[in-house]
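Me: I am new to this structure and should like to go through it step by step. May I put a series of questions, each to be answered with a short line of reasoning?

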Amino acid sequence: MSNEITGEVIEIRTYPDPVLKKVSEPVTVFDEGLEKLVKDLFASMHVHDGVGLAAPQIGILKKAAVVEYDGKSYVLINPRVIDQKGLQEGEEGCLSFPGIYAHVTRPEWVRIETQDLKGNTVTFEGEGYTARAFLHEMDHLSGKLFIDYLSTLKRNTIKKKAAKHTGGHF
Ligand code: NI
């Protein structure tokens, strides 16, 4: 990443903002605009102590996301799962649902194929919470939210809670 481009903190879209349910477009241009987007994602994630953030969460419908966990940073551009193993149960939150957590079952381990800022293909492996973060962010790029994994009853409870947060800033 070049040093001249600095990331800006962008306001995170919260549920029920309709942008969160849209399918993002693949990234086809690997230029300074993409680098700026990735730096904005890191800056906006850091200010909320998040472990991941996807472009639609800052209103940009491009298949780009970042994950930072356990001292490692990952840039995901046009990511896809190429292998997965096992299952894990765990609590999951989302910066678009401030203060809301729910149990979500995910694969325990994944290998993903993605692109870097120059368009080179790279693969990352993640297990445990890193795998969970990869999959959660990749879901955002397809307009899928963590509440979509829950029962209708649980989902409706969360929707009511989230409605109270609308317009709030954390
Ligand atoms: Ni999220």
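Me: Is aspartate 49 buried or exposed?
Reply: In this predicted model, aspartate 49 is found in the loop between α1 and β1. Residues count as exposed when their relative accessible area is over 50%. Aspartate 49 has a relative accessible area of 71%, so the residue is exposed.

Me: What is the value of phi near aspartate 49?
Reply: Aspartate 49 is a residue other than glycine, yet its phi is positive. The value is near 55°.

Me: Which residue in the loop between β2 and β3 has a positive phi?
Reply: The residue has a phi near 60° and is not a glycine. With 64% relative accessibility, over the 50% cut-off, the residue counts as exposed. Its place is in the loop between β2 and β3, and its name is aspartate 70.

Me: Which peptide bond is cis, with omega near 10°?
Reply: The proline of this bond is found in the segment before α1. Omega is near 10° for the bond, which runs from tyrosine 15 to proline 16.

Me: How many residues of α1 are buried?
Reply: The buried residues of α1 include Leu34, Leu37, Val38, Asp40, Leu41 and Met45. What covers the buried residues of this helix includes β1 (52-54), β2 and β3. The helix is largely enclosed by the rest of the structure, because the buried residues number 11 of the 15.

Me: What distance separates the end C-alpha atoms of α1?
Reply: The helix has 15 residues, and at 1.5 Å a residue the expected span is 21 Å. The model agrees with this expectation, since the end C-alpha atoms of α1 are 21 Å apart.

Me: Which residue caps the N-terminal end of α1?
Reply: The cap is made by a side-chain oxygen that lies 3.0 Å from the backbone nitrogen of glycine 33. The residue that supplies this oxygen is aspartate 31.

Me: Which element gives the most residues to the largest nonpolar core?
Reply: Of the 16 residues in this core, Leu37, Val38, Leu41, Leu53, Val66 and Ile77 touch the most other members. At least two residues come from each of α1 (32-46), β2 (64-69) and β3 (72-85). With 6 residues, the element that gives the most is α1.

Me: Which residues of the largest core, among those that touch the most other members, are in contact with valine 66?
Reply: Leaving aside neighbours within four places in sequence, valine 66 is in contact with residues including Phe42, Met45, Val51, Tyr74 and Glu137. The contacts of valine 66 also include three residues that touch the most other members of the core: Val38, Leu41 and Leu53.

Me: How many residues form the second, separate core?
Reply: In soluble globular proteins, nonpolar side chains tend to be buried together. Among the members of the second core are Val19, Ala102, Val104 and Leu145. The number of residues in this core is 14.

Me: Which residues coordinate the nickel ion?
Reply: The donor residues are spaced C-x41-H-x3-H in sequence. The coordinating atoms, one SG and two NE2, lie at 2.0 to 2.3 Å. The residues are Cys94, His136 and His140.

Me: How many residues apart are cysteine 94 and histidine 136?
Reply: Cysteine 94 is buried, with a relative accessible area of 9%, and histidine 136 is buried at 7%. Cysteine 94 lies in the loop between β4 (88-93) and β5 (101-106), whereas histidine 136 lies in helix α2 (residues 129-141). The pair links distant parts of the chain, 42 residues apart.

Me: Which residue meets aspartate 40 in a salt bridge?
Reply: Aspartate 40 is buried, with a relative accessible area of 8%. Its partner lies 4 residues away in helix α1, about one turn of the helix, and is partly exposed at 26%. The side chains meet at 2.8 Å, N to O, and the partner is lysine 36.

Me: Which residues are joined into one network by salt bridges that share partners?
Reply: The structure holds 11 salt bridges. One of them, at 2.8 Å, joins aspartate 139 and arginine 106; aspartate 139 is buried at 14%, and arginine 106 is buried at 3%. The network consists of Glu92, Arg106, Arg132 and Asp139.

Methods
Residues are numbered from 1 along each chain as its sequence is written. This is a predicted model: local features need pLDDT of at least 70, side-chain atom pairs count only at pLDDT 80 or more; totals for chains, interfaces and linings use all residues. Side-chain values use heavy atoms; hydrogens and water are left out. A nonpolar core is a set of buried Ala, Val, Leu, Ile, Met, Phe, Trp, Tyr and Cys residues joined through side-chain atoms within 4.5 Å. Buried means under 20% relative accessible area, exposed over 50%, partly exposed in between (1.4 Å probe, protein chains only). Contact means heavy atoms within 4.5 Å. Donors are N, O and S atoms within 2.8 Å of the metal (3.2 Å for Na, K and Ca); water is not among the atoms, so sites may look incomplete. A salt bridge is a side-chain nitrogen of Lys or Arg within 4 Å of a carboxyl oxygen of Asp or Glu. The expected span of a helix is 1.5 Å times one less than its number of residues. A polar contact is a pair of N or O atoms within 3.5 Å; within protein, one must be able to donate a hydrogen and the other to accept it, and residues adjacent in sequence count only if both atoms are side-chain atoms.
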